[in-house]
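This report walks through selected features of one protein chain. The sequence and structure come first, and the notes follow.

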Amino acid sequence: MATVPTIVFDLDGTLIDSAPDLHAAAERMLKRLGRPGVTLAQVTGFIGNGVPKLVERCLAATGGVPEEGAGTALALFRSFYDADPVALTRPYPGVPAMLERLAEAGCRIGVCTNKPQGPAEAILAALSIGRHVGAVVGGDTLPVIKPDPAPLWLCFERLRAGTARLYVGDSETDAATAKAAGVPFALFSGGYRKTPAEAMGAAYVFGRFDELTRHVLAGVS
């Protein structure tokens, strides 16, 4: 039998569709600042490089980032988003069953995200998909965020990963992180990427989570 892999997942756009709640928080922030709104499609395109960058992109799209910086806007966004991050957020279809089956097969499972660690853990718990997750590394866990490989390395370290490793994500940031970390990358094609799937350099591309489950378990049976 082959070695059971340790699998680390991105969160937003990979395990969960969080764009609607991020959009709602952005709309409230912009309204409080007296700015025009942004569309769900715009906010979806802003996801992937952490909350501060998302807020900066919202400001840039609605008149520009103030000379004094985005601190006020960032604080507003976090207060709105952190108050209820799962009003509209849901796991992608098949995610709970996938996590269950991979855990039953002995896979160690982690999450490495640019979302702050506290909200990430709260969302995993609220959506009942966190019980098989052995480590969460967020965008504020280290001084650097993805695509720097350090957060992904830390997540594997906390899971006491062996040599069989896989990183699963949906975006250009995730692909770059896996490459920098020297870890095979599986691409969820239904997330928030902007680049064609075939240009992402993934070892495996899937559109349904039962496909990922079969792919992983085929290698350990």
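## Strands, buried charges and cores

In this predicted model, the buried residues of α7 are covered by elements that include β1 (6–9), β4 (108–112), β5 (133–137), β6 and α8. Helix α7 itself spans residues 150–158, and its buried residues are P151, L152, L154, C155 and F156. Just after α7, R160 has a positive phi of about 55°.

Three of the covering strands are linked by pairing. β1 and β4 run parallel and share 4 bridges, with I7 paired to I109 of β4. β4 and β5 are also parallel, over 4 bridges, and here G110 stands opposite A135 of β5. Of the 5 residues in β4, 4 are buried.

The nonpolar interior comes next. The largest nonpolar core has 54 residues, and those touching the most other members are F9, M29, V55, F77, M98, L102 and L212. For F77, the contacts beyond four places in sequence are L22, A25, A26, M29, V51, L54 and V55. A second core, separate from the largest one, has 19 residues, including L152, Y167, A181 and F185.

Charged side chains are also found inside. Side chains of opposite charge can pair when their charged atoms come close. The structure holds 7 salt bridges, and the table gives three of them.

| Salt bridge | N to O distance | Places in the chain |
|---|---|---|
| K146 and D10 | 2.9 Å | K146: loop between β5 and α7; D10: loop between β1 and β2 |
| D174 and K146 | 3.0 Å | D174: helix α8; K146: loop between β5 and α7 |
| R131 and E100 | 2.6 Å | R131: loop between α6 (117–126) and β5; E100: helix α5 (residues 95–104) |

D10, K146 and D174 form a network of salt bridges. K146 is buried, at 2% relative accessible area. D10 is buried at 5%, and D174 is buried at 1%. Along the chain, K146 and D10 are 136 residues apart, while D174 and K146 are 28 residues apart.

The pair of R131 and E100 is placed otherwise with respect to the surface: R131 is exposed, with a relative accessible area of 64%, and E100 is partly exposed at 25%. R131 sits in a loop and E100 in a helix, so their salt bridge ties together parts that are 31 residues apart in sequence.

Which side chain of opposite charge is nearest to D170, and how far away is it? It is K146, at 6.9 Å, and D170 is buried without a salt bridge. A salt bridge requires the nitrogen and oxygen to be within 4 Å. D170 lies in the loop between β6 (165–169) and α8 (172–181), and its side chain reaches the backbone nitrogen of Y192 at 2.7 Å. Beyond four places in sequence, its contacts include D10, D12, F185 and Y192.

D12 also meets S18, which lies in the loop between β2 (16–17) and α1 (19–32). The side chains of S18 and D12 make a polar contact at 2.3 Å. S18 is buried, with a relative accessible area of 0%, and beyond four places in sequence S18 touches D12, Y81, T89 and Y192.

One residue of α8 lies at the surface. K179 is in that helix and is exposed, with a relative accessible area of 73%. The C-alpha atoms of K179 and G134 are separated by 23 Å, and these residues are 45 apart along the chain.

Technical notes. Residues numbered from 1 in each chain as written. Predicted model: local features only at pLDDT ≥ 70, side-chain atom pairs only at ≥ 80, totals over all residues. Heavy atoms only, no water. Helix = DSSP H or I, 4+ residues; strand = E, 2+ residues; numbered from the N terminus. Buried < 20%, exposed > 50% of the residue type's maximum accessible area, 1.4 Å probe, protein only. Lys, Arg positive; Asp, Glu negative; His and termini not counted. Polar contact = N/O pair within 3.5 Å; in protein donor to acceptor, adjacent residues only side chain to side chain. Contact = heavy atoms within 4.5 Å. Core = buried A, V, L, I, M, F, W, Y, C linked by side-chain atoms within 4.5 Å. Pairing = 2+ DSSP bridges.
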